[in-house]
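The following account leads through a protein model, from its confidence to its sheets and then to its main pocket. Please keep the sequence and the structure in view while reading.

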Amino acid sequence: MQQLTKLNLLKGDKLKMGSFNINEITEFSEEKRVRKTMFNGSHLEVDLIFYVPDQSSPEHKHPTQDEVFYIVNGSGTMYLDGEPVAVKEKDVIVVPSGTVHGIKNTGSENLTVMFVKSKPKVNNN
């Protein structure tokens, strides 16, 4: 069975199939959030983001991309079109394209978030 190693992730290898344990690639930094791409295919991207308390991702939007967030562990606040939403371990948050969103670790423990994002739609006019 093929195993995805930490070395593969750090080199940014594009994988077609693989499995791994999140605990083996977890990495937090006091300087800034850590983002690791687990899969970057032709139709979607899967990433992990690691936040220490008070770290955040700024509010932004993707005009043609849908996203689904899964709170692996920890707690925080997501902002969806300016509205704060409390999130905690095992929550799933669906963010349709065009929705302004961001997240902040407002908890006292580290926060790990996985997201799946569709690739941008291309207008071929």
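The paragraphs below take up confidence, the two sheets and the pocket in turn.

This is a predicted model, in which local features need pLDDT of at least 70 and side-chain atom pairs count only at pLDDT 80 or more, while totals for chains, interfaces and linings use all residues. Residues are numbered from 1 along each chain as its sequence is written, and side-chain values use heavy atoms, with hydrogens and water left out.

The average pLDDT (the predictor's confidence in each residue, from 0 to 100) is 86 for the protein, and 82% of the residues score at least 70. Confidence is highest in β8, at 98, and lowest in helix α1 (residues 6-11), at a mean of 43. Helices (H or I, at least four residues) and strands (E, at least two) are DSSP runs, numbered from the N terminus. Over residues 1-16 pLDDT stays under 50, and for this stretch the model has 23 contacts beyond four places in sequence, a contact being heavy atoms within 4.5 Å.

One open sheet has five strands in the order β1-β2-β9-β4-β7, with antiparallel pairing; two strands pair if DSSP finds at least two bridges between them. At the edges stand β1 (34-40) and β7 (92-95), each with a single partner strand, so one side of each has no neighbour in the sheet. Neighbouring strands of this sheet are turned by 20° against each other on average, direction ignored; axes are lines fitted to C-alpha atoms, for helices over the stretch in contact, and angles run from 0 to 180 degrees between N-to-C directions. Four bridges link β4 and β7 in the antiparallel sense, and valine 68 has valine 94 in β7 as its bridge partner.

A further open sheet consists of four strands, ordered β3-β8-β5-β6 and paired antiparallel. Its edge strands, β3 and β6 (83-88), each pair on one side only. The average turn between neighbouring strands of this sheet is 25°, direction ignored. Strand β5 (residues 75-80) runs antiparallel to β6 and is joined to β6 by six bridges; threonine 77 has alanine 86 in β6 as its bridge partner.

The largest pocket holds about 170 Å³ of space. On a 1 Å grid over the protein atoms alone, a pocket is an open set of points where a 1.4 Å probe fits, with protein on both sides within 12 Å along at least five of seven lines, and lining residues have an atom within 4 Å of a point. Grid points are joined across faces, edges and corners, and a volume is the space filled by probe spheres set on the points. Of the 16 lining residues, Arg35, Ile49, Ser57, His60 and Phe115 lie nearest the centre of the largest pocket. Elements giving two or more residues to this lining are β2 (44-51), β3 (56-60), β4 (67-73), β8 (101-104) and β9 (111-118).
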